[in-house]
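Open the model in your viewer and keep the sequence panel beside it, ready to select residues by number. The tour below moves from the whole chain to single residues and side chains.

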Amino acid sequence: MARSALLHLLRSQSKHRLPSAYFRTGQRLCRSLASPRTWSCRPSLTSATQLSAGHRRWLSQSTAAEEESKISDAPRSGGQTGEDEKVDIVVYHGPVSTTIRKVKLLSLSSCFFSVLLGPVITFMTLPNMSMILKGVMASSVLLISASTTAALHWVVSPYIHKIKWQPGSDSFEVEMMSWLATYVPRTIKFSDIRPPETNRPVVTFKANGKFYYVDEEHCHDKALLARLTPTETSSS
């Protein structure tokens, strides 16, 4: 009897303790689920998914942009090659072009210093001379310097320093020299070329009222030279 009573008592206590253990286990499970450590993996998974999707979009956009740039560059390169083909070719160089430029710069510098320092030197070095004679001497120095510079420009102004021409074209470009010894480009049409009909020493042809000179010995393009040296019969 005592044994049976003791067993009954133990069974009754175990029945009462079981729900409390279940309750504690469930409570722990709820706490673990509610803790931020358990749920911290969810945002990282979503952020990784968003980053991968954004990376895919960026790759697709960059690929499309590269394809569009290739397509747009194709006609541009073709246009550039077409423009390069139309560039004029230098077919003539004046053999004494550098020498003429140096002489002209020397003449211009001497004229400048004569105008600037000529009267000062004349009036300071001859104190006993009258003012009228000093003025005459200063004016003569200026006149001689200016006249030599103008004469040099008149002689070498028809000289062609460079000719650019595309074979088959109806016009060509020449480089002339201004009175300040700078190169000036001009475009001349073959239809405007005429015989010079002048007694000037350095002239080959006339175009648009201006004279031009080409050194025939250094012009290797004979077809161009024939068109630059017309005769009176051909022009008429």
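**The whole protein**

The secondary structure of the protein comes to 7 helices and 7 strands, where helices (H or I, at least four residues) and strands (E, at least two) are DSSP runs numbered from the N terminus. This is a predicted model, in which local features need pLDDT of at least 70 and side-chain atom pairs count only at pLDDT 80 or more, while totals for chains, interfaces and linings use all residues. Residues are numbered from 1 along each chain as its sequence is written, and side-chain values use heavy atoms, with hydrogens and water left out.

Colour by secondary structure and follow the chain from the N terminus, where the elements run α-α-α-β-α-α-β-β-β-β-β-β-α-α. Of the 236 residues in the protein, 20% are buried, a word that here means under 20% relative accessible area, with exposed meaning over 50% and partly exposed in between (1.4 Å probe, protein chains only).

**Strand β2 and its partners**

Select β2 (162–165), and then add strand β1 (residues 89–93), which is joined to β2 by 4 bridges and runs antiparallel to it. Two strands count as paired if DSSP finds at least two bridges between them. Within this pairing, Val90 stands opposite Lys164 in β2.

Next add strand β3 (residues 171–177), which is antiparallel to β2 and joined to it by 3 bridges; here Ile163 has Val174 in β3 as its bridge partner. β2 and β3 form a hairpin with 5 residues between them, and Gly168 in the turn has a positive phi of about 95°.

Which residues of β2 lie on its covered face, and which on the uncovered one? Ile163 and Trp165 are on the covered face, whereas Lys162 and Lys164 are on the uncovered one. In a regular strand the side chains alternate between the two faces of the sheet.

**His161**

Step back to His161, which lies in the loop between α5 (131–156) and β2. At 3% relative accessibility, His161 counts as buried. Show side chains and find the polar contact of 2.6 Å between His161 and Ser97; such a contact is a pair of N or O atoms within 3.5 Å, and within protein one must be able to donate a hydrogen and the other to accept it, while residues adjacent in sequence count only if both atoms are side-chain atoms.

**The open sheet**

Now select β5, β6 and β7, 3 strands that form an open sheet in the order β5-β6-β7 with antiparallel pairing. β5 (193–194) and β7 (210–212) stand at the edges, each with a single partner strand, so one side of each is left without a neighbour in the sheet. β5 pairs with strand β6 (residues 205–207) over 2 bridges, and the bridge partner of Arg194 in β6 is Lys206.

**Aromatic rings**

Finally, show the aromatic side chains, among which the structure holds 5 aromatic pairs. Rings of Phe, Tyr and Trp (its six-membered ring) pair if their centres lie within 6.5 Å, with planes under 30 degrees apart counting as stacked, over 60 as edge-to-face and the rest as tilted. The rings of Phe112 and Phe113 have their centres 5.5 Å apart and their planes at 70°, so this pair is edge-to-face. Phe205 and Tyr212 instead form a stacked pair, 5.3 Å centre to centre with 15° between the planes, and both Phe205 and Tyr212 are buried. As a last selection, take Trp165, Phe172 and Phe190, which ring pairs link into a cluster.
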